[in-house]
Amino acid sequence: MDLLSDQGLRLDGRRPDELRNIRCKMGVFNQADGSAYLEQGNTKVLATVYGPHQPRGQARNRAPHDEAFVNCQYSMAVFSTGERKNRPRGDRKSQEMSIHLRQALVSAIRTELYPRSQLDIFVEVLQADGGNYCACVNAATLALVDAGVGMREYAVACSASLANGEIPLVDISHLEESTGGPNLTVASLPISGQVALMEMSQRFHSDHLPKVLERALEGCKDIHRILDDTVRKHVEETGRASGWGQVDRAGIVL
Amino acid sequence: MLTTKTFLKKTKRGNILKIVREHYLRDDIWCGSVLCKTCSMKEREKTLEKDLDHSSSLFSFPHYLVLDTNIVLDQIDVLEENSFENVIILQTVLEEVKHRSSPVYRRLKDIISNPDRKFYVFVNEHHKDTYVERKAGESVNDRNDRAIRVATAWYASHLAPSQPKGKNKHVSIVLLTDDAANRQKAKDEGLISCSVHDYVSSLENAPALLDKLSKRNFVLEGNSKEPLFPLHLSPKEIQDGIKAGKLLQGTFLASRENFLEGSVNVEGYEKFILVQGHAGLNRAVDGDTVALELLPESEWVAPSDIVLEDAEEDPGDILDDEAKMEKEKQKAKKVEREPTGKVVGIIRRKWRQYCGILQPSQDKNSIRHLFMPAERKISKIRIETRQAETLKSQRIIVAIDSWPRTSRYPLGHFVRALGNIGDKNTENEVLLLEHDVPHSKFSEQVLSFLPKLPWVITDADLERRVDLRNITICSVDPPGCTDIDDALHCRELENGNYEVGVHIADVSHFIRPGNALDKEAALRATTVYLVDKRIDMVPELLSSNLCSLRGNEERFAFSCIWELTKDATIVNTKFHKSVICSKAALTYGEAQARIDDKTLNDDVVKSLRGLNSLAKILKKRRIENGALVLASPEIRFQVDSETHDPIEVVAKKMLETNSMVEEFMLLANISVAQKIVEEFPECAMLRRHPQPPPTNFEPLVKAGHLQGFEINVESGKDLAESLDKAVKSDNPYFNTMLRIMATRCMMQAVYFASGMLQKDEFFHYGLACPIYTHFTSPIRRYADIIVHRLLAACIGADSTYPELLDKRKSHSLCHNLNYRNRMAQYAGRASVNLHTHLFFRNRVQDEQGYVLYVRKNALQILIPKYGLEGTLYLAPPKGQIAKVNFTYNEEEQSQSHGSIKFRVFDPVTVQLSLDRRNVQHEKLMLLLVKPEIPEFSVPSQAGSQQVEAMDVDEVKDVAPPPKRQKKSK
């Protein structure tokens with residue numbers, strides 16, 4: 001199966017530089033300090049943030065004295081895939097994902113603001129259709145913003161692939177992942193352009209790396225714009241509803 | 001806009017999975033017509049024209065055509081004609097074609113990529129107005145038909161506002177479909193539609209086009225006739241039957257001798273399963289995958305010995321001939337009976353296009369004709385043509401469309417004419433087609449990937465390559481070679497060692513993975529050499545110019561450089577891409593002459609002498625390791641420069657320089673094989689030559705034994721040694737004949753992906769080396785291109801791509817390469833045969849020959865001068881009474897008459913001439929001259945009334961493995 005047809009369309013009808021449809025919502029739960037729900041195409045993710053709070057359990061001993069201890073947990077709902085999963089969390093794959101999530105988020109959170117405290121981030125994949133990691137990072141960022149945790153900037157992730165050995169594709173769906181072809185996942189801080197995490201499956205020649213990376217970072221910037229819009233709209237709505245203060249249309253406190 | 005596709009799928013393990021996929025609908029898919037004023041498509045990308053000349057008499061207005069899937073699948077032969085222009089191919093159709101038949105898909109893509117044909121692909125599935133959802137209870141086919149109609153309607157309404165009113169100028173959309181129901185529905189929806197038959201008959205050059213129409217839906221007159229054949233089971237019944245073990249699945253192989261007999265190769269069965277009679281064969285055609293029902297043991301029969309050819313005349317749709325077979329059946333003894341079955345269904349047809357001639361018909365005005373394929377395993381085919389008068393003297397190609405129960409013969413249609421019977425070009429064409437050698441011109445799309453001329457070496461190129469232009473490099477090849485893919489150099493280093501370099505044309509620089517050029521080369525797999533013609537794997541610009549390492553021209557090369565000590569031990573090996581400039585392009589003869597000429601002492605000659613001395617050491621070492629020196633009679637035709645008819649035959653000569661080049665090519669191949677397998681243990685493309693099973697050697701051992709020589713076949717080394725010892729002073733050709741026999745015992749060498757086999761299976765038996773690959777001829781072999789890419793990836797000179805590293809993909813690629821190679825070899829042999837026939841057309845000649853095998857009713861004679869093998873029949877053809885009787889002694893492998901005894905390796909003199917009675921199969925005829933046997937042998941150089949004919953390739957095929965036994969794998 002060709003990832004890109006002669007007419008320049010991908011298997012699902014997107015062009016190479018088009019993201020999947022992103023829909024998101026902040027503050028979906030009341031109990032957690034921050035929460036967000038994010039859909040990237042058919043990949044649907046729920047993220048919740050607890051804290052910063054006093055370190056509990058094992059973290060009490062491990063928490064550093066000068067910054068916050070960030071605890072991430074990635075899990076996939078048993079109904080998230082075509083065949084029902086046996087273990088929602090704790091398997092190797094999930095553990096790896098948790099570590100990668102933490103790496104990307106820690107680089108964005110201003111942990112030094114919260115010494116001797118703990119921050120819990122739980123991400124649950126409700127439906128998996130490729131790019132799970134990206135969706136999780138993006139949802140977690142929204143949840144952190146919702147929780148009011150201090151951040152340097154948004155942590156945004158996006159994936160990219162290479163079709164026909166030359167044309168980079170952005171935001172890879174499950175079908176494209178499983179058809180073969182390399183998969184480059186990048187988590188970045190899009191304003192400063194820093195890369196927080198980069199992971200690649202399958203080999204391709206280093207000659208192609210610059211353009212694939214470029215495409216992924218481009219995707220990060222596009223996603224950043226969407227997330228930022230959501231945040232502004234959310235703040236505007238909640239602000240208006242709760243009468244915290246007057247906010248103008250652009251979302252700036254007067 | 002967004003929608004989701006949801007469907008259920010069964011996985012390989014039998015689980016039912018629900019799959020949900022996103023499906024984006026767009027508003028930026030353009031209609032591709034120059035007429036349109038609403039789409040914002042770039043002007044030059046628009047395909048469909050504005051001013052149409054409408055040649056169809058059915059429609060008085062200009063129109064674009066929309067094709068239904070069934071038209072593309074069935075009528076691709078007609079679509080390839082230039083009469084079809086301004087056609088809209090919907091994505092629905094394209095996908096369905098891709099899914100159903102990849103050859104048709106490839107041909108369709110070729111048409112689309114040709115800008116002159118004005119075929120436009122409209123991605124209707126992703127267009128917001130033309131996407132249709134499958135309704136509840138609607139089959140996939142019905143949905144696709146509806147999608148096609150919706151898209152047709154959309155086009156009509158989309159183009160309407162952009163055009164002036166007025167019926168005659170208005171471009172309309174015509175839907176072509178052969179599905180009557182679809183046509184009716186289109187009519188109800190107010191669309192213009194018609195069947196392909198009606199449309200084609202309304203075109204200007206209808207008669208020629210009509211012949212090419214497939215007759216799939218063609219109904220015989222007198223449809224109410226009794227069906228002749230039993231019904232085929234439905235796919236579901238077949239599947240259930242196979243699962244339950246009631247039915248067997250296998251490949252049907254028709255018999256050459258008897259058109260009412262065939263066998264089925266079922267996996268897991270020791271023997272082929274016999275099928276007989278019209279009902280037993282039940283419309284299976286050679287190569288089809290069939291479902292088979294095994295008969296109870298009481299109904300088993302023996303294969304009939306009689307040769308049964310289909311009657312010359314068309315008997316109409318009746319079945320006969322069975323009576324003769326019935327009689328035979330009674331006679332068969334119990335022991336000879338074989339498992340017998342009957343075909344109950346066809347799982348997959350393997351119909352291709354067949355070459356052949358029209359059978360002369362009595363009725364001059366009839367448009368129905370019978371077609372006789374050249375391949376005797378294929379039944380006659382009934383076709384319709386209006387050009388019988390012109391076609392009757394030509395070789396033509398015909399495709400089978402269907403085989404209804406009521407028809408004795410399959411129905412087909414005429415595809416194209418090749419040329420006059422007996423014409424050399426026509427015959428060449430036939431043999432290429434019969435051996436499935438792709439030889440059409442390279443398509444526009446393929447050629448578009450060639451480098452633009454003038455081609456210059458840029459600084460960027462030089463930066464990435466080692467500059468070897470100042471080194472004395474030369475190439476040594478056969479005379480007349482224009483695709484020079486290897487060059488050599490050798491120079492002495494300061495430390496007394498030699499530096500030897502093999503420089504191979506860097507074809508992979510020009511052929512990038514995955515593009516049309518690469519795909520075409522992968523399909524062709526090899527350049528095919530015929531006696532008078534070369535069928536290139538890559539376009540001529542590359543094969544004879546840019547890649548060819550011609551003398552005194554700067555070329556890109558992939559170099560393999562060794563440092564060798566004086567006794568040819570490798571000190572180190574380097575690989576890199578380079579730029580070279582060959583100082584001389586020599587032939588074997590020229591190179592030999594320069595080496596031998598003591599007066600010459602320039603750099604080229606020094607280099608050659610160095611190479612030659614090292615090569616001798618290498619060869620000696622290789623032979624000591626047990627490499628085989630085999631022989632096969634190879635000949636070359638000297639061809640008349642104007643008519644290209646063969647005028648003289650000469651055996652190929654082997655010079656020292658031949659083996660010099662060979663040694664270094666072997667060395668390079670082995671070095672490269674080691675390197676790539678080290679880096680890519682899973683997906684390296686290698687070549688292996690399995691050791692033949694001991695049973696293969698039986699005829700050789702027996703023949704040697706009768707002459708008093710022990711042939712030890714324990715290992716390659718033993719075999720090589722015992723072959724060396726078997727020399728007879730009174731028969732100098734004896735040893736060569738033994739080696740020819742040994743060659744026949746060998747297995748085929750094959751390409752494979754290293755991940756698919758265990759390491760000890762990599763062994764190359766013939767060369768006696770543990771690992772081997774092909775690296776040195778990338779211009780003419782695709783395997784070498786893959787190896788180049790792997791090696792380039794090893795040294796970081798180029799990038800890899802997923803298919804290269806996927807061992808399953810490599811495996812299936814190897815499959816194709818092996819198949820094409822085998823076919824290329826057969827085609828080459830067939831070409832030699834053809835030229836032998838041409839050579840003997842006006843000649844009768846006496847020649848010295850040797851008995852190679854003794855058979856029950858014939859002697860197999862080898863004629864060294866022409867390198868050909870023929871059968872001298874001792875028993876007369878059926879129906880004639882033998883005047884001279886021979887006694888066959890199986891133990892001793894001899895035939896005797898009176899005091900004269902023929903044994904293996906005995907010299908004989910035979911008379912050669914061409915038997916031209918059968919137009920399709922000309923045969924070379926052998927008659928005995930010496931030793932003289934009254935009433936049997938013929939006087940030297942004189943015509944004879946007796947007819948003992950033979951067909952060279954037929955005998956070859958039947959020769960070594962006994963009939964109806966599976967070859968061991």
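Axes are lines fitted to C-alpha atoms, for helices over the stretch in contact, and angles run from 0 to 180 degrees between N-to-C directions. The exercises below concern a predicted model.

**Exercise 1.** Determine which strands of chain A helix 3 lies across, and at what angle helix 3 runs to strand 2 of chain A.

*Solution.* Step one: locate helix 3 of chain A, residues 132–147. Step two: list the strands that helix 3 lies across, namely strand 1, strand 2, strand 3 (43–53), strand 4 and strand 5 of chain A. Step three: compare directions; helix 3 runs at about 150° to strand 2 of chain A.

**Exercise 2.** Describe the sheet of chain A and explain why strand 1 and strand 4 of chain A each have one side without a neighbour in the sheet.

*Solution.* Step one: establish the order. The sheet is open, its 5 strands follow the order 1-2-3-5-4, and the pairing is mixed. Step two: find the edges. Strand 1 (22–26) and strand 4 (69–76) of chain A stand there with a single partner strand each, so one side of each lacks a neighbour in the sheet. Step three: consider the turn between neighbouring strands, which averages 15° with direction ignored.

Step four: examine one pair. Strand 1 and strand 2 (residues 34–40) of chain A run antiparallel and are joined by 5 bridges. A:C24 has A:L38, in strand 2 of chain A, as its bridge partner. Step five: add helix 2 (residues 92–106) of chain A, which packs on the sheet and touches strand 4 and strand 5 (118–127) of chain A. The direction of helix 2 makes about 135° with that of strand 4 of chain A.

**Exercise 3.** Characterise the interface of chain B and chain A by its area, its polar links and the elements that chain B gives to it.

*Solution.* Step one: take the extent. Between them the two chains bury about 2100 Å², of which 46% is on carbon and sulfur atoms. B:E22, B:Y24 and B:R26 supply 27% of the area that chain B buries against chain A, more than any other three residues. Each chain enters the contact with 26 residues.

Step two: count the polar links. There are 3 salt bridges across the interface; one of them joins the side chains of B:K109 and A:D6 at 2.9 Å, N to O. Residue pairs in polar contact, both at pLDDT 80 or more, number 6.

Step three: assign the elements. On the side of chain B that touches chain A, two or more residues come from each of strand 1 (2–10), strand 2 (16–24) and helix 26 (802–805) of chain B. Strand 2 of chain B gives the largest share, 7 residues. By class, this side of chain B has 10 nonpolar, 7 polar and 9 charged residues.

Conventions. Residues are numbered from 1 along each chain as its sequence is written. Chains are lettered from A and ligands numbered from 1 in the order in which they are written. This is a predicted model: local features need pLDDT of at least 70, side-chain atom pairs count only at pLDDT 80 or more; totals for chains, interfaces and linings use all residues. Side-chain values use heavy atoms; hydrogens and water are left out. Contact means heavy atoms within 4.5 Å. Buried area is the accessible area (1.4 Å probe) that two parts lose on being put together, summed over both. A salt bridge is a side-chain nitrogen of Lys or Arg within 4 Å of a carboxyl oxygen of Asp or Glu. A polar contact is a pair of N or O atoms within 3.5 Å; within protein, one must be able to donate a hydrogen and the other to accept it, and residues adjacent in sequence count only if both atoms are side-chain atoms. Helices (H or I, at least four residues) and strands (E, at least two) are DSSP runs, numbered from the N terminus. Ala, Val, Leu, Ile, Met, Phe, Trp, Tyr, Cys and Pro count as nonpolar, Asp, Glu, Lys and Arg as charged, and the others, Gly among them, as polar. Two strands pair if DSSP finds at least two bridges between them.
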